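Good morning, colleagues. Please take a moment to look at the sequence and the model on the screen, and I shall then walk through the fold.

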Amino acid sequence: MKPAPQTRVTSIQQRLADARRDLNRVKPAELSEILDAGAILIDIRPDSFHREEGVHPQALIIERNVLEWRLDPNSEARIGDIEADTPIIIMCNEGYASSLAAADLQKMGFTAVTDLVGGYRAWRAAQE
């Protein structure tokens, strides 16, 4: 019997570093200007976070678990007219899940996607 292949587990810190390598991450202070220039902000936080902490007034709400299906041009679940070259900023609560999500969208062919450093909480703190 042939031995089972060794499974290599990558740490989340390595996954984050890999994801962020190709992202030109947006700082909270830059967000308004980038949105005014036509970028789309997508909030991937769960609904409970919206109720507890609020929402960005320009955010399109698409929970993380359905993000790829909502943006895939070939998906029956697709929403809107977001194209592969549409500037997209992904926002989560603290800027971790958004990095992973943005990297996944890059793998799908979205060329102008990135995420918000520090997520919703950093944006909110910058407003105070």
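By a nonpolar core I mean a set of buried Ala, Val, Leu, Ile, Met, Phe, Trp, Tyr and Cys residues joined through side-chain atoms within 4.5 Å. Please bear in mind that what you see is a predicted model.

I begin with the overall architecture. The protein chain holds six helices and four strands, and from the N terminus on its elements follow the order α-α-β-α-β-α-β-α-β-α. Its C-alpha trace spans about 60 × 35 × 30 Å along the principal axes. Of the 128 residues in the chain, 35% are buried. Among contacts between residues at least 6 apart in sequence, 65% join residues at least 24 apart.

Let me turn to the strands. Strand β1, residues 40–43, runs parallel to β3 and is joined to it by four bridges. With β2, β1 pairs over three bridges, again in the parallel sense. One residue of interest here is L41: in β3 it stands opposite I89, and in β2 its bridge partner is A59. Together, β1, α3 and β2 form a right-handed β-α-β unit.

Next, the interior. Which residues have the most contacts inside the largest nonpolar core? They are I42, L67, L71, I88 and I90, in a core of 15 residues. The elements that give two or more residues to this core are α4, β3 and α5, and α5 supplies the largest share, with three residues. A second, separate core has 11 residues, among them L31, L41, A59 and Y120. To return to I88: leaving out residues up to four places away in sequence, I88 touches I40, I42, L71, I82, F110, A112, V113 and T114.

I come now to helix α6, residues 119–127. Its residues G119, Y120 and W123 are buried. They lie on the same side of α6, because they cover an arc of only 120 degrees around the axis. As a general point, an α-helix has 3.6 residues a turn, so residues three or four places apart point the same way. What do the buried residues of α6 pack against? Their partners are α2 (28–36), α3 (47–53) and β3 (88–91).

A histidine connects with this region. H56 sits in the loop between α3 and β2. Is H56 buried or exposed? Its relative accessibility is 6%, and the cut-off for buried is under 20%, so H56 counts as buried. Not counting residues up to four places away in sequence, H56 touches L31, L35, L41, M91, Y120 and W123. In addition, a polar atom of the H56 side chain lies 2.9 Å from the backbone nitrogen of Q58.

Finally, a residue for contrast. Q106 is found in helix α5. Why is Q106 described as partly exposed? Its relative accessibility is 24%, and partly exposed covers values between 20% and 50%, so Q106 falls in that class. Apart from neighbours within four places in sequence, Q106 is in contact with D22, L23 and V113. Q106 and A84 are 22 residues apart in sequence, with their C-alpha atoms 9.0 Å apart in space.

To close, I would draw your attention once more to Y120, which is buried in α6, belongs to the second core and is touched by H56. Thank you for your attention.

Note on methods:
Residues numbered from 1 in each chain as written. Predicted model: local features only at pLDDT ≥ 70, side-chain atom pairs only at ≥ 80, totals over all residues. Heavy atoms only, no water. Buried < 20%, exposed > 50% of the residue type's maximum accessible area, 1.4 Å probe, protein only. Arc of directions from axis to C-beta. Contact = heavy atoms within 4.5 Å. Polar contact = N/O pair within 3.5 Å; in protein donor to acceptor, adjacent residues only side chain to side chain. Pairing = 2+ DSSP bridges. Right-handed = clockwise from strand over helix to strand, strands pointing away.
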